[in-house]
Every structure is written in structure tokens, then in C-alpha cells.
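Me: I have just opened this one and would like a careful walk through it. Could you start with how far the model can be trusted?

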Amino acid sequence: MVKSLNTVTLIFKLPYYTQWGQSLVIAGSEPALGSWNVKQGLALSPVHQGNALVWCGQVSVAAGFTSEYSYYVVDDHKNVLRWESGEKKKLVLPEGVRDGDVVEIRDWWQDASEALFLRSAFKNVIFSGNENAKRELQSSSLSKSLDPEDIVVQFIISCPRLAAGSTVVVTGSNPSIGNWRAQDGLKLNYVGDSIWKANCVLRKAEFPIKYKYCQISEAGVSSLEFGPNREVDVDYSSPKPARYILLSDGSLRESPWRGAGVAVPIFSIRSNEDLGVGEFLDLKLLVDWAVNSGFHLVQILPINDTSVNGMWWDSYPYSSLSVFALHPLYLRVQALSDAIPGDIKEEILHAKKQLDRKDVDYEASLATKLKIGKKIFNLEKDKVLNSASFKKFLSENEEWLKPYAAFCFLRDFFETSDHSQWGRFSQFSKEKLDKLVREDTLHHDIIRFHYYIQYHLYTQLSEAAAYARKNKVILKGDLPIGVDRNSVDTWVYPTLFRMNTATGAPPDYFDKNGQNWGFPTYNWEEMSKDNYGWWRARLTQLAKYFTAYRIDHILGFFRIWELPEHAATGLVGKFRPSIPLSQEELLGDGIWDFDRLSRPYVRQELLEEKFGSLWTVIAANFLNEYQKQCYEFKEDCNTEKKIIAKIKTSPEKSLWLEKEDSIRRGLFDLLQNIVLIRDPEDSTKYYPRFNLEDTSSFRDLDEHSKNVLRRLYYDYYFARQESLWRQNALKTLPVLLDCSDMLACGEDLGLIPACVHPVMQELGLIGLRIQRMPSEPNCEFGIPSQYSYMTVCAPSCHDCSTLRAWWEEDEGRRSRFYKSIIGSEDEPPSRCTPEVVHFIVQQHFDAPSMWAIFPLQDLLALKDKYTTRPAVEETINDPTNPRHYWRFRLHVPLESMLEDKDIQATIKELVTSSGRSYPGKKVDAAGGSGEKLTNGKA
């Protein structure tokens, strides 16, 4: 914005190390800085200053110039390679800048880890209420007119973690800034967005000046920032030295902030009010327990509706029916109305007793809630659906709510979620939707019932989320990697999904045979056409309730393990995107028999070995002999899903009764006995089968072929894809991060490409470290004291056994852990005692990781009283079983846990002794956030 036409020269200076072929550009909101078009932004040139590489650029603007701007790393064609994180920088010239003045902006590159503290988890929860009353910057007009020897220095510092009532000063080696005495330092003024500024007039002869920023608490205690002294000098080499120097100094240097949290699925919570399963409103009790125990965070599993199959299979929380709708399972029916009739209250009390079981009965709890909810809906539907708050909810959510309600109606009408079976409704259209949800239809009350349930779920979760925020507890949600193939999303947006494929994971710690989750993979090319609108809508919805979230299987944003839709297991897949092996490449290396390598290698001796005396029966039913002792699968059983169907339905099945499992496994082994996978969309492209050396197809090859295929295997999985996968992640992940201000954590477990951790670091994504799954090679156990800061550390997670179960399931591993990690030569206890748990939990609290987040089962194991049930029963998920029943339920209600002051005190002592932050912690300016001033010196 231009106030006058006087010309001022701006000189930008930024210390930054680039790689060969890279340079820096400034793009900003004003035409002088390219109007956000990086190709037209201000190009900077590098200058060596001592050990630093400083990028400099100069532009003429009118006095009174203001602009938002950001730095970008670009290649020779000005394609953006990297950009700064967080909020855009704001340039406001000091008052008094006149025609002909030179203003030098000494800047810093804002990296992602600095920007984290401006995200809602910190800004609106942990540090909410810390900001001083938003004072305008006091007038920067100078009390004296400047003479030629004067230079105005503006100090600018970001302090997102500043305690309430604290102020910021700058002090250093000059009387104008207090001669290192904080009480005489130059006071900075708060200008909003965590930024503090102050101007200081200095004589040229007084330079160079050393300085530091200092917090002063409400009680008057002062604390200097950490690190070496900062320094400002005048650049006399330029023809006209700057009259104004703006020191954009980044963030106040403090000790790393660390917090702790508890993780538990909502369905696992038990309370005195629930109907056999945890409910959104139970989170308020969990928040109370978290605060008493010193936790700043509560983490839960996905909470979207998963009602695809109408049975307990739907207990799997990662297979969404809708990525927007909440699950009716978590509804508290007692809270639907203030005027529930006595007979319905009796029904609720009866249901509470009936459903108060050891584990969750998914089908019974859901059916009961929907039945009671329907009765209350019939009594008060007109009152609620005509209320202003409901109408507001409907207008803000109709984009997803109307398709969801129509889908649920059609699912129940056709008795299947498979929308390909819905006749004329198989193909979604806006016109068909409008007819389905019209008010004059006979089924409109069914549609309205789904609106009603979603409205109450929204209000109940919103109430719990607001309660958490008020108590300075972050509610951390979960973003599943996939959606069910029979879902609202695949019905409404079919082009966004590759419906002939399935998503999974290659063999890893969780499952040596790989995993097949069944979700269709994403059509990223199609998603990019509207700048990933579906993802942006998902994240916006999530941010209504959560201030942090976990990105499930973040590796899938680099590359996804893609399987054919007809696969039942996760072994014979390929990465998408990936650079395949071409036919020309293979021919050039002397590999030519593509049929031999890509078709199942089935020989008579293999059949005899696998099936013994049954081999002739198996061959007759499932295989054709195409040449002597060489077999191929029959057309009706040449995929994994066809094999499953044929074993169950074959007229000959009486011949293998009670051996179904071993025969299925044997046939799968034969079908997977290949070396190369032919691309179904391009027959000249191939992918090496995972662990190809384990196959007899590979073992029977000549030595030359084996050596070539070993080399190409390594190249495909560990070398040639890295640049492609990095580019893919940098296209998709920033969209997720930029469309909400939630704190993002990535679940980066499994087979991790080399590019993953550098990209996560660049984007400010917090990784996950589970002690039994170390990311370091040749390491059996992770060492928490060596974890990096940008991580969440935990002794276990929902995808593996609890700490107790893990300890007790393998004697040899337990002994190795006891010796190498606990440091004892004694025989380890066979039971995971509270003392062992305390040691392991303390290790994680003491770790450098930003967050230590513990499954609730692992914390309760700190006290013998809570370890009465077998440890194996506390496991939430078994990743090796695609039909696992997710039904673990705490054996103690939250109300009883809140009465147990001992365990809360034990946990809080672990939090406080580790130096982690906790709700209600008094942050004294000198209490650990910086260096104290002694005798006027740091």
C-alpha cells in the first residue's frame, strides 16, 4: 500500500546455504515483489561474509511501503524447490523513513520447527492466555531529528512461548540497550502475532554492537535467551550505507519445549455413563485425568462412521464409510434431550447393565444407540430440526451431510454398501441426490434421522473439544490413509480413486507377508486438478474438533504399496508412483524369458512338497499341466480371491475338509512364486516381487540372471525412486499442512525410504519412535535418549502388543533388553513388574523428543492393581489379521481412575522430574527458559 511517492531503497540480506544450481527469490504481496508470482519476484545474489553465505537483493519502493513476503529456493528456471514455513513475513517501514533513505532488512529463514509454536495446538491451547493485551506498536516516530552519523536499528523478535504478564527487552554492549543490565535494556512493544519490536538510534562510531533478547517475568525475574551473542554492524562497503537497519531476528532462543500425552481409542474408554463403549462426552473425564497426571495431550483413533458391512467387521476404525461423518457408536443418548420420557430412561438403564461387558460388543452397542436415538428423534424431531443451531449446522455441512444421509438410506434399502449394486443410483449425480433428500419423499424422516444423529455427534464432540482446550489439553485426532471402497466418498467422487486397486504395506515389522487394507489407492493426478479440494475439506472438518493430528501411514504420501483388487494378501504389490524395470533394460542385461519370470512357477516336486499325498487332488482341481511336470492355475482360480472362493464352494471340498487353511496358504505360495510382476496397464514394464530371493522361482535361475535381478531389485527398492518419491511428497503433504493450523505428526513406521526423514524435517512434521521398532539399521531396540527433538516417542502403540504383553511374550528378547537397555546382568523378571514399567516409561519421559505419548494400558501397568487381566487381552489391533475385532475395553471406569490419586501423582512426578511442561505449570522467565544474568553478564 502506498502512502506517498518518495523513493526508498530496500536491501534484503539473508544468510542461507544452497546447493549447486539453486538460488533465492523473494515473492510478496506487492508488485515490487512480484505479487506472489515467484517467477517475477526479487532475485537475490550470494555474497560470502566470513563463514556465511548471505543472499542479497535490492529494490526501490515508495516511502510508507508495506508488504507481506516470503523467501523461496528456486532452480535455474525459477521453479520452486523449497519455501519458508509458517506465517508470511510482514514488512512495515519505520516511521520517519524519507526520500533517498536506504533500509536494510537483515532477515532469517523461518524453518518449519520454529513455525510449530504458531500452530493451534500451542497458540490456542497450551499458550492460550499467554499473549499480553494486543497493544499497537507505540509510535516509532523518533524524538530527535537524525544527523548524518545516526543509524536507526529496529529490533524484531518472535516470542510465541512468552508467559502471561512477561515483557521482552533487548540488552547488550551499548548504553542505549542497558550495557547488559536487563532492567536498563530497551523495552520492546508487542505488535501482535507473537512479534515484539523496538527502535533504537545509534551513532555510526558505536558499531559493532553485541546483544541478546531477554524475558522479564511479571515478578521482575529476567532471563537471557540461550546461545551466542547476536551482533549488528554497519556495512561500509556499499556506496550508501543504510540509515535504517531492521533486525528480523527470528524466534527467541529458548530451551526446547517438551510435553507429554496419553493415547487411548474412544471405544476403549469405560465410564459410569456409557452404553458398553466409550463416548465423546467421556473425553471430559479423560481430560480431567490427563490434567491431574500432568499431560498436555489426549490422542485418539479415527472417529469417522465405518458402518459399511453392518456387523462387527466395521469395528475397524481406519475403513471409513465417510471421511466427514462421525460414528454414531460414540453418541451419548442420554444427552439427546432434556425431556427423555421415563420409559426410555428405563430402557437406557437396562441397556447400560446389559452392555457392561469385558469387551465392546460393537453390534449390540451400535444397534441399541440407534434404536433409542430413533425413539427420542420421533419425539422431538420438529423442535430440534427447526432450531437455529441445527439450521446453521446443516448449512455449514450440507456438502457432505446430504450425500452421507442419502448413502445410508440407499445402503439400508438395497441391503448393501456396494453402490455398484444400486441400479440407477450406482452413478452419483447432484440431480439424483436432490430427489433423494427432497422434503416431500416418503423416506424423508430416514434422511432427517441421519442429519439429527450427526448434529448431536457434532455438538457432543465440540463440547468435549472445547473442554480440552479450556484445560490446556490438546485433542489429537487421526487421519486414516484410506477409505473403504464401498463408501460415500467413492460413490460421490469415483474419479479420485483407482477402484481396480487396493492399498496395503510391504512386508515389515508388523507383518512378514505384507498387509492388504483393501482401500482403493488415490488418483493423485485427478485430485490435483482442484488443488486437492477433497483433502482440504477433510482437514478443515478435522480442525473443527482437533488441534493436532496423526497422519496415518505417512509413507503413503511418498509412495503407496498398490495391489491388484483381486489380491487378498499384501505380498505381490508394487509401489505407486515408481520407475519400473523396462523390457529394454532387462533385455540389455540378458534377461529375456519374461513369461518364465512373471508367471507362477509351479513344478510337480513343489506340489508334492507342499501338499504331500493330496497333491494330485490339488492339481486336478486347481491346475492344468501345460507340459510335463509343469503346471499353471486354472482360469477360475488364478487370483487369490478366486482361490478363496473355490476352496469354499468347490464340489470337491470334502476332500480337504479341516485342511482349508493350509491348502489356501500353499496355493497362495504357488501363485506368489514369481520373480517379476508384469504391469497390468503396460505389458512392457515390470516390478521385482518383494523378497524375490525367497522364491524357488528365483533359486532355480542361472547365476547370471540371479546377479542381474539382485542388482535391479536393490535399485528398484532402495535407489532409483528416491527423487520421485521426494517430489511426490512435496506436492501432496504441504497441501495438508497449509489448509489447517493443526499440529501434524506423521506415523513413519515400516520400510522407510531414505527421503522420508529429510522431507518430514523440512516440512516440520513430527515423526514417531517406538522403542521396539528402531529406525536405525542393525539395532534391536531404540535408545530414547538418542531420539531427535522432532519426534513423538512411545513404548508401544495401538498396532502392536502393549508393553506388558511384549515383555512377557519372548524370553530371549526380554533378556537382551534387560541387559542392553536396562543394563542388568541379572535374570529379568518373567512378569513385567511396575518397577520395569517405571524404568521404561521414565526413559521415554526423559527423552529429547518433543512429545512422549503413552498408551493408557502402559501407564496403568505402573500399579499392580491394574495388571490383573492377562496382558495379551489389552492389545488393540493385530495387523497380521485383516479381520481383527477392535473391541478392547478398559477394565476400570474413568471415575475410579480419577479417585486413584496415587497413580496420578506417580505419573505427574515422572512428567515434572523430566522437565516436561504440564497444565498449570508456572513458567517463570528464569525458570529454565534461558540463561540468568549474573553481575550484568550472561
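Reply: The mean pLDDT of the protein chain is 93, and 96% of its residues reach 70 or more, where pLDDT is the predictor's confidence in each residue, from 0 to 100. This is a predicted model, in which local features need pLDDT of at least 70 and side-chain atom pairs count only at pLDDT 80 or more, while totals for chains, interfaces and linings use all residues. Residues are numbered from 1 along each chain as its sequence is written, and side-chain values use heavy atoms, with hydrogens and water left out.

Me: Where does pLDDT stay under 50?

Reply: That is the case over residues 132-140, for which the model has 19 contacts beyond four places in sequence, a contact being heavy atoms within 4.5 Å. Over residues 934-938 the pLDDT is also below 50, and this stretch has 9 contacts beyond near neighbours in sequence.

Me: OK, and the overall build? How many helices and strands are there?

Reply: The protein chain has 27 helices and 38 strands, taken as DSSP runs numbered from the N terminus (helices are H or I, at least four residues; strands are E, at least two). Its C-alpha atoms fill a box of roughly 105 × 80 × 75 Å along the principal axes. Of the contacts between residues at least 6 apart in sequence, 73% join residues at least 24 apart.

Me: What share of the residues is buried?

Reply: Buried residues make up 57% of the 938 in the protein chain; buried means under 20% relative accessible area, exposed over 50%, and partly exposed in between, with a 1.4 Å probe and protein chains only.

Me: Switching to cysteines, how many disulfides are there?

Reply: The count comes to 0 disulfides, with a disulfide taken as a pair of cysteine sulfur atoms within 2.5 Å.

Me: Why is there no bond for C800?

Reply: The closest cysteine sulfur, in C797, is 3.8 Å from the sulfur of C800, which is too far for a bond. For C637 the closest cysteine sulfur is in C630, 17 Å away, again too far for a bond. C637 is buried at 0% relative accessibility, and C800 counts as buried at 9%.

Me: Now D282, is that buried or exposed?

Reply: D282 is buried, with a relative accessible area of 1%, and its place is in the loop between β19 (259-263) and α3 (283-293). Its side chain makes a polar contact with the side chain of R332 at 2.5 Å; a polar contact is a pair of N or O atoms within 3.5 Å, where within protein one must be able to donate a hydrogen and the other to accept it, and residues adjacent in sequence count only if both atoms are side-chain atoms. Leaving aside neighbours within four places in sequence, D282 is in contact with residues including D274, V277 and L894.

Me: And what does K352 touch?

Reply: Not counting residues up to four places away in sequence, K352 touches N272, E273, D274, L275 and Q334. K352 lies in helix α4 (residues 342-355), and a polar atom of its side chain is 3.3 Å from the backbone oxygen of N272.

Me: Last one, which residues of α14 are buried?

Reply: In helix α14 (residues 604-611), Q604, L606, L607 and F611 are buried. Seen down the axis of α14, these fall within an arc of 155 degrees, so they line one face of the helix, the arc being that of the directions from the helix axis to the C-beta atoms. Among the elements they pack against are α15 (615-622) and α17 (660-671).
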